[in-house]
Amino acid sequence: PVLDTEDAWVSVEGPVSIVELALEQKRIHYPLVEHQFVLCTVLYAIMRLSLKGVKPLSLFDSKGRNAFFKDLTSIQLLPSGDMDPDVLSIRQQFLLKVVSAAVQTLCSSQTDREVSEEDYFPFEKGKNWPTLAADLAQYLQISEDLVRRHYVCELYSYGMDHLGEE
């Protein structure tokens, strides 16, 4: 891009402007940022829902794990469409754990009538963990329908039939 500057600013001395610094930056590799986002979402779900025994890096194959430690401007080999069935199984178990923990948290907050969902998750107003798990399923190459079916089964098992029907 061409930056037009007024004549008065041409002779000014000092540090380089933030616009010029931004233009000199290398472009990021967006799929790598997306890959980092998936890891951050997984870590946040583990922390927020207090999931025990989950090893976040086990959800990724060797290419995926190596990509986490590279510069975001570098073009890395990311996992391809063909995944190891063991990794897919671990991913599926993780997503089902997220849905189960979210429903359990919702039901426990519903039974305590004094505590609303917003009180239990004060910074997450409107956060729908099962929907987030279904969205994450796309990135992790797991069937969204499987996650949604598990969500409905969990709702029915906790006696929240009206939500399960929806």
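The surface of this protein, seen here in a predicted model, exposes about 11400 Å². Carbon and sulfur atoms supply 54% of that area. Of the 166 residues in the protein, 30% count as buried.

One part of the surface deserves a closer look. I18, V19 and L23 make a nonpolar patch of about 300 Å². V19 belongs to helix α2, which covers residues 18-24. The relative accessible area of V19 is 43%, so V19 is classed as partly exposed.

Let me turn to the overall architecture. The secondary structure consists of 9 helices and 0 strands. Read from the N terminus, the order of elements is therefore α-α-α-α-α-α-α-α-α. As for the contacts with a separation of 6 or more, 67% of them join residues that are 24 or more positions apart.

I will take helix α3 as an example. Helix α3 spans residues 30-48, which gives it 19 residues. From its first C-alpha to its last it reaches 26 Å, close to the 27 Å expected at 1.5 Å a residue. Which residues of α3 are buried? They are L32, H35, V38, L39, T41, V42, A45 and I46. A general point helps in reading that list. An α-helix has 3.6 residues a turn, so residues three or four places apart point the same way. C40, by contrast, is partly exposed, because its relative accessibility is 48%.

After α3 comes S50, with a positive phi near 55°. S50 is placed in the loop between α3 and α4, the latter being residues 62-67. Why remark on such an angle? Most residues other than glycine have a negative phi. S50 is not a glycine, yet its phi is positive.

A second residue of this kind is Q141, which has a positive phi of about 60° although it is not a glycine. Q141 sits in the loop between α7 and α8. With a relative accessibility of 34%, Q141 counts as partly exposed.

Helix α7 itself, residues 129-139, contains L132. Is L132 buried or partly exposed? At 23% relative accessibility, L132 counts as partly exposed, because buried would require a value under 20%. L132 and L95 are 37 residues apart along the chain, and their C-alpha atoms are separated by 9.6 Å.

Beyond that loop lies helix α8, residues 144-157. Side chains of opposite charge can pair when their charged atoms come close. How many salt bridges does the structure hold? The count is 1. The side chains of R148 and E144 form a salt bridge, with an N to O distance of 3.3 Å. These two residues are 4 positions apart in α8, so about one helical turn separates them. Both partners are partly exposed: R148 has a relative accessible area of 40%, and E144 has a relative accessibility of 23%.

Finally, the cysteines. How many disulfides are there? The count comes to 0, since a disulfide requires a pair of cysteine sulfur atoms within 2.5 Å. Among the cysteines, C153 counts as exposed at 51% relative accessibility, whereas C40, as noted, is partly exposed at 48%. These two values fall on either side of the boundary, because exposed means over 50%.

To close, I would ask you to keep three points in view: the 9 helices, the salt bridge of R148 and E144, and the positive phi angles of S50 and Q141.

How values were computed: Residues are numbered from 1 along each chain as its sequence is written. This is a predicted model: local features need pLDDT of at least 70, side-chain atom pairs count only at pLDDT 80 or more; totals for chains, interfaces and linings use all residues. Side-chain values use heavy atoms; hydrogens and water are left out. Buried means under 20% relative accessible area, exposed over 50%, partly exposed in between (1.4 Å probe, protein chains only). Contact means heavy atoms within 4.5 Å. Accessible areas come from the Shrake-Rupley method with a 1.4 Å probe; for residues, only the protein chains shown count as cover. Patches are made of residues with over 30% relative accessible area and no salt bridge: like charges are joined within 9 Å, nonpolar side chains (Val, Leu, Ile, Met, Phe, Trp, Tyr) within 5 Å. A salt bridge is a side-chain nitrogen of Lys or Arg within 4 Å of a carboxyl oxygen of Asp or Glu. The expected span of a helix is 1.5 Å times one less than its number of residues.
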